[in-house]
Amino acid sequence: GFGGYRESGYGREGGKEGLYEYVRPSWESKVESLKLKVASAEGEISPVVGANGNGHHEIPDEEHEALSTFNFALSTPAPPPIDRTPKMFIGGKQARPDSGYSQPVYGPDGVMLGEVGQGNRKDIRNAVEAAHAASGWASTTGHNKAQILYYIAENLSTRANEFARQIRRQTGAGQEEALREVELSIERLFTYAAWADKYDGLVHRTPLRNVTLAMPEPIGVMAIGCPEEYPLLGMVSLIAPAIAMGNTVVVVPSERHPLSATDFYQVLDTSDVPGGVMNIVTGPRDTLMKVLAEHDDVDAAWYFGSVEGSKMVEYASAGNMKRTWVNYGHSRDWLSKEQGEGPEFLREATQVKNIWTPYGE
């Protein structure tokens, strides 16, 4: 590979980094083929999706009546003595929205679970400034990044039941499904902690009398729009590889189920994460992602949502040639190791610097 940094995602010449711009993961073709088969077959049973389109299976009819009282008791908490208002997380501190507005969060049964701040352009500005102020994270050793990611996973593990209960309240998932989502989130953090000091470069043997060092480097400030399904696992699967590679992030969590993200910043508070490495701005996801995609001080944007939102992010980022990674409606199976984790995420979280080193006879 040669040429400058691959900023727009197009025009990179040679090498794996150039080829990756023109290929797609094989699982996407398999999923599209399966969708076509299901759509063309009459009388076949299609997968059942939860009330909020969150990917969880509905409880079978024969079990629903027997479990309804039990589920209601678990999903409806007693009123707390103090009403805790979830806030945003900017620069390592909890922050109230600049607008002063909030938006309600409802469970699958229509019961209001709470309110979160409604972020706006100024909140995004503050978050991006905080992310830039934490640029020293890129020069932190891989070992130290790994230790902090391990620490996050350990602290999340001690509150696994609490996070599972919050997932149940928001999505209507069963207890086993909710605990599985938390367990996989912990596993993802351990996975990328292990990768933090092992995703290194390559030495290419080029035709001329030189060697070429391909060195992966962090991109910088990354904007991440999280999927609606799996509110905890989807977010962790995206932020963990980004910060493991030395980036700082501004995260817009699931719009329908943001309470897992506002609980997660309490874990960050106790895990030695430097202020500004991870910033969380709640509110309308597509609106906030448009602001981030247009922002000249944001270096890359990841978006995992609708086809329309994917087009919007790519279009809005064209003005400053920002790197983008969008899914165009291809819903990933976040429970799967093939689709939910791996080198693909690390590759998208880095940019390759090629160093040509000539030598004599």
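**Aromatics, strands and salt bridges in a predicted model**

Me: Which residues form one aromatic cluster in this predicted model?
Reply: Five names come up here, and this is a predicted model, so take them in that spirit. The cluster is made of Trp302, Phe304, Trp325, Trp334 and Phe345.

Me: How many aromatic pairs does the count come to, and what geometry do Trp302 and Trp325 have?
Reply: The count comes to eight aromatic pairs. For Trp302 and Trp325, the ring centres are 5.0 Å apart and the planes meet at 85 degrees. Planes over 60 degrees apart count as edge-to-face, so that pair is edge-to-face.

Me: How far apart in sequence are the parts that Trp302 and Trp325 tie together, and is Trp302 buried or exposed?
Reply: Trp302 sits in strand E10 (residues 300-303), while Trp325 belongs to strand E11 (residues 323-326), so their pairing links parts 23 residues apart in sequence. Trp325 has 9% relative accessibility and counts as buried. Trp302 has a relative accessible area of 1%, which makes it buried.

Me: What kind of aromatic pair do Trp334 and Phe345 form?
Reply: Their centres lie 6.4 Å apart, with 55 degrees between the planes. Trp334 is in the loop between E11 and helix H12 (337-340) and Phe345 is in helix H13 (residues 343-348), so the pair ties together parts eleven residues apart in sequence. Both residues are buried. As for the kind of pair, it's tilted.

Me: Which residue has Lys145 lying over its face?
Reply: Lys145 is 6.0 Å from the ring centre in question. The ring belongs to Trp137.

Me: Why is strand E8 largely enclosed by the rest of the structure, and which residues cover its two faces?
Reply: Five of the five residues of E8 (residues 248-252) are buried, so the strand is largely enclosed. In a regular strand, side chains alternate between the two faces of the sheet. Here the buried residues on one side are Thr248, Val250 and Val252, and on the other Val249 and Val251.

Me: How many bridges join E7 to E8, and which residue stands opposite Val249?
Reply: E7 (residues 221-225) runs parallel to E8, and five bridges join them. Opposite Val249 in E8 stands Met222.

Me: How many salt bridges does the count come to, and how far apart in sequence are the parts tied by Asp98 and Lys122?
Reply: The count comes to eleven salt bridges. In one of them, the side chains of Asp98 and Lys122 meet at 3.5 Å, N to O. Asp98 lies in the loop between strand E2 (93-95) and strand E3 (102-106) and Lys122 in helix H4 (residues 121-133), so the parts tied together are 24 residues apart.

Me: What is the sequence separation of the parts tied by Glu217 and Lys353?
Reply: The closest N and O atoms of this salt bridge are 3.2 Å apart. Glu217 is in strand E6 (residues 210-218) and Lys353 in strand E12 (residues 350-358), so the parts it ties together are separated by 136 residues.

Me: Which residues do salt bridges with shared partners join to Glu341?
Reply: Glu341 meets Lys337 at 3.7 Å, N to O. Glu341 is buried at 13% relative accessibility, whereas Lys337 is exposed at 54%. Shared partners make one network of Glu341 with Arg188 and Lys337.

Me: Which residues form a nonpolar patch on the surface?
Reply: One member, Leu19, is in helix H1 (residues 15-19) and is exposed at 52% relative accessibility. Together the patch has about 410 Å² of accessible area, and its residues are Leu19, Tyr20, Tyr22 and Val23.

Technical notes:
Residues numbered from 1 in each chain as written. Predicted model: local features only at pLDDT ≥ 70, side-chain atom pairs only at ≥ 80, totals over all residues. Heavy atoms only, no water. Patch = residues over 30% accessible without salt bridge, like charges linked within 9 Å, V, L, I, M, F, W, Y side chains within 5 Å. Areas by Shrake-Rupley, 256 points an atom, 1.4 Å probe, with all protein chains shown as cover. Salt bridge = Lys/Arg side-chain N within 4 Å of Asp/Glu carboxyl O. Helix = DSSP H or I, 4+ residues; strand = E, 2+ residues; numbered from the N terminus. Buried < 20%, exposed > 50% of the residue type's maximum accessible area, 1.4 Å probe, protein only. Phe/Tyr/Trp six-rings, centres within 6.5 Å; stacked < 30°, edge-to-face > 60°. Lys NZ or Arg CZ within 6 Å of the ring centre and 35° of its normal. Pairing = 2+ DSSP bridges.
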